[in-house]
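User: I should like to understand how terms such as "buried" or "edge strand" are justified in a structure. Please work through the one shown here with me.

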Amino acid sequence: MEIAKLGLNGRLGRILKNSPKAKKSLVFQSLLNGEDISLDVCSFEEVLPYSLLSIPISTITAHDNIWIAASMLSRISDVTNNLVVIEDGFPIGTIDVQQIISGLQKNPTTQYFEESASKIMNADFHIDSRNVNIASVLNRMSKTNNHFTVIENDRKNFSQFSIRQVIEIGSLCRSDITAASMPKNKISTFNRDDTVGDIIRKLEQDENRFLALKDDVSFVSYEVLLDRIKELNGCNNDRLLELSASTFKTITPTLISEKLTLAEICKVMLNLKYPYVMTQEQIITPYSILDVICKEI
């Protein structure tokens, strides 16, 4: 399938109609009382009361090294996109894949992975209660590009809300939004002879957080990149950023029908380790889902 066929370099597709009906098109049935509610008035407690409790934060300490953080994030990428750094049982920071890879770019040696995780953690993160308005959190995620928040259940008990839970919210909605009606993204590309360093620089500039292989329909993302770097670092390789991109495993998004609804798309994505899907015309990412939801609330 040619890249042009996917509309990867074309204009944005049809924008969702800005009518009163469309603005209220996301409807949920409350898991607490069975009533229909619109997302703009929901709390975490109403939308994901059981899921949040079953997904505790994944933690490391400030004394653990970056190698431990990289290994953990690689294993749990199908559940969350962040680790929470704790001290005396309380969150003091978060670490995501992008932070690990950006740090490697500044110090591209095997010694980098032996450094303390506290050196790369983000201390500017959010802790919310289960009763916070979920629309405000989603809008904050979209505007700040920080797709993670810690949910405080009580003083020593925390849950997490990441991009994976955004997909879960999408899977719970009743909506007439379909794949065909979602905006189309312009996709950045990379070449087989690019280096790992080239790919990192391109990923940092791309809001979709993934790149398409030129003249192909396979992709790399931060998660795919981390998996490969972790394997190569085990060989004590101090020239990771100079390696050819041809050594990478790429992913092929799952092909779906453009007639699938938002909920159906999200249900497919929840079953994928790398939650990217495509129609004949476009690529849909978890961040596409976040943007669509935020436009509707």
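User: In what order do the three strands β3, β4 and β5 form an open sheet?

Analyst: The model is a predicted one. In it, the open sheet has the order β3-β4-β5, and its pairing is mixed. From one strand to the next, the twist averages 40°.

User: Why are β3 and β5 said to stand at the edges?

Analyst: β3 (59–61) and β5 (90–96) each have a single partner strand, so one side of each is left without a neighbour in the sheet.

User: What makes β3 and β4 count as a pair?

Analyst: Two strands pair if there are at least two bridges between them. β3 and β4 are joined over three bridges, in the parallel sense, and therefore they satisfy that condition. As one example, T59 has V84 in β4 as its bridge partner.

User: Which strands are the edge strands of the open sheet β6-β7-β8?

Analyst: They are β6 (127–129) and β8, each of which pairs on one side only. The pairing in this three-stranded sheet is mixed. β6 and β7 (residues 148–154) run in the parallel sense over three bridges, and S129 has E152 in β7 as its bridge partner. Helix α6 (residues 134–144) lies across β6, β7 and β8, at about 150° to β7.

User: Why is S159 called buried?

Analyst: A residue is buried when its relative accessible area is under 20%. S159 has 1%, so the term applies. This residue is found in strand β8 (residues 157–162).

User: What makes the link between the side chains of S159 and N153 a polar contact?

Analyst: A polar contact requires a suitable pair of N or O atoms within 3.5 Å. The side chains of S159 and N153 make such a contact at 2.8 Å.

User: Why does R75 count as exposed?

Analyst: Exposed means over 50% relative accessible area. R75 reaches 59%, and therefore it counts as exposed. R75 has its place in helix α4. Its C-alpha atom is 9.1 Å from that of D227, although the two residues are 152 apart along the chain.

User: How do you know that helix α7 is mostly covered?

Analyst: Of the 10 residues in α7 (residues 163–172), nine are buried. Among them are I163, R164, E168 and G170. For the chain as a whole, buried residues make up 53% of the 297 residues.

User: What makes a group of residues a nonpolar core?

Analyst: The members must be buried residues of certain kinds, among them Ala, Val, Leu, Ile, Met and Phe, joined through side-chain atoms within 4.5 Å. The largest such core has 47 residues, of which I60, I95, I100, F113, I199 and L225 touch the most other members. Several elements give two or more residues to this core, including α4 (66–75), β4 (82–87) and α5 (97–106). The element that gives the most is α9, with six residues. A second, separate core of 39 residues includes V166, A263, I284 and I293.

User: Which residues does I95 touch, leaving out those up to four places away in sequence?

Analyst: I95 touches several residues beyond that range, among them I60, L73, L83, V85, I100 and M121. In soluble globular proteins, nonpolar side chains tend to be buried together.

User: How many of the contacts between residues at least 6 apart in sequence join residues at least 24 apart?

Analyst: The share is 68% of those contacts in the chain.

Notes. Residues are numbered from 1 along each chain as its sequence is written. This is a predicted model: local features need pLDDT of at least 70, side-chain atom pairs count only at pLDDT 80 or more; totals for chains, interfaces and linings use all residues. Side-chain values use heavy atoms; hydrogens and water are left out. Buried means under 20% relative accessible area, exposed over 50%, partly exposed in between (1.4 Å probe, protein chains only). Contact means heavy atoms within 4.5 Å. Helices (H or I, at least four residues) and strands (E, at least two) are DSSP runs, numbered from the N terminus. A polar contact is a pair of N or O atoms within 3.5 Å; within protein, one must be able to donate a hydrogen and the other to accept it, and residues adjacent in sequence count only if both atoms are side-chain atoms. Axes are lines fitted to C-alpha atoms, for helices over the stretch in contact, and angles run from 0 to 180 degrees between N-to-C directions.
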